[in-house]
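Biologist: I've got a model open here and I'd like to talk it through with you. Can we take it one question at a time?

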Amino acid sequence: LFTLGNLLCGCIGIWMTIMQEIEIAFYFMLIGVGFDFLDGMAARALKATSDIGKQLDSLADLVTFGVLPGFLAMWLLENSPSLGIIQTGDDHPFALFGLLIPPAAALRLAKFNITPDQKGFSGLPTPISALVIGSIAFSLELEGVYQGNLASKELVLVIILVISLMMNSKISLISLKFSGLDIRQDLDKLLLIGGSLVAFVFLNFACFPVVLVLYILVSIIFCSKNEIQS
């Protein structure tokens, strides 16, 4: 039920993006992240893990963290200002570059499904990549921090390309699951949470690009001390 709730949030978010309700679309993405967290936690607590649950989780993630951010990326490429390098008209197909995200997310999720003994992440997790795109779109819609040069067509295109490549890279990133009550083993996650909260205080929901940078930096520092898949 939690997984299907995630899927439903993705579908509603896509529809809201089509209707130009970007703020609402981003909120449904956030709710989808909540469902994605709860389904795994509930499965472990109830010892109800299964192959169908694993497959269904990835299918839901593809919609909410693949297709939805792809639509938001297209909206960004269509509506963000230009630095003068890229000029687009009403019928220009440039916005279709946003659709690089769904296939990149699908490939990343497929690789994740067939990788045994996952104790960490190889490549950028799809929820984080989706939140980065959604955060920038949310900020641009509300005239927040990512305005002007920070949300230009040119920079958004670079971000789309980098995120798509990072999702399928071999970069080792820390797992976001807590190992227990030993603070020393979870110091990396605690630092990431603390830094993310500080970013949220200053940037609100526009904080996720900063959180992505923190996530990569913490992983670089701690990945050698943790069992991370290659």
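Biologist: Which element of the protein has the lowest mean pLDDT, and which the highest?

Modeller: Keep in mind that this is a predicted model, so pLDDT is the predictor's confidence in each residue. Helix α1 (residues 2-18) comes out highest among the elements, with a mean of 95. The lowest mean, 71, belongs to strand β1 (residues 121-122). So the pair you asked for is β1 for the lowest and α1 for the highest.

Biologist: Where does pLDDT stay under 50?

Modeller: For the protein, the mean pLDDT is 85, and 87% of the residues reach 70 or more. There is a stretch under 50, and for it the model has 19 contacts beyond four places in sequence. That stretch is residues 226-230.

Biologist: What pattern does the protein follow along the sequence?

Modeller: You have 8 helices and 2 strands to place. Read along the sequence, they give α-α-α-α-β-α-α-β-α-α.

Biologist: Are α2 and α5 roughly parallel or roughly antiparallel to each other?

Modeller: Two packed helices are described by the angle between their axes and the distance between the axes. Here, helix α2 (residues 22-46) and helix α5 (residues 126-141) have axes 9 Å apart, at an angle of about 155°. Angles over 145 degrees count as roughly antiparallel. The call for α2 and α5 is therefore roughly antiparallel.

Biologist: How do the residues of the contact of α2 with α5 divide into nonpolar, polar and charged?

Modeller: α2 passes α5 in a left-handed crossing. On the α2 side the contact includes F26, L30 and V33, and on the α5 side it includes L131, F138 and E141. The residues of this contact divide into 11 nonpolar, 2 polar and 3 charged.

Biologist: Is S129 buried or exposed?

Modeller: S129 sits in helix α5. Beyond its neighbours within four places in sequence, S129 is in contact with L124, I163 and M167. Buried means under 20% relative accessible area. S129 has a relative accessibility of 2%, so it counts as buried.

Biologist: And what separates the C-alpha atoms of A60 and G32?

Modeller: A60 is in helix α3 (residues 51-79), and at 2% relative accessibility A60 counts as buried. Leaving out residues up to four places away in sequence, A60 touches T3, N6 and L7. A60 and G32 are 28 residues apart along the chain, and their C-alpha atoms are separated by 9.1 Å.

Notes. Residues numbered from 1 in each chain as written. Predicted model: local features only at pLDDT ≥ 70, side-chain atom pairs only at ≥ 80, totals over all residues. Heavy atoms only, no water. Axes fitted to C-alpha atoms, helices over the stretch in contact; angles between N-to-C directions. Helix = DSSP H or I, 4+ residues; strand = E, 2+ residues; numbered from the N terminus. Parallel < 35°, antiparallel > 145°, perpendicular 65-115°, else oblique. Left-handed = near helix turned anticlockwise from the far one by under 90°. Contact = heavy atoms within 4.5 Å. Nonpolar A, V, L, I, M, F, W, Y, C, P; charged D, E, K, R; others polar. pLDDT = per-residue confidence, 0-100. Buried < 20%, exposed > 50% of the residue type's maximum accessible area, 1.4 Å probe, protein only.
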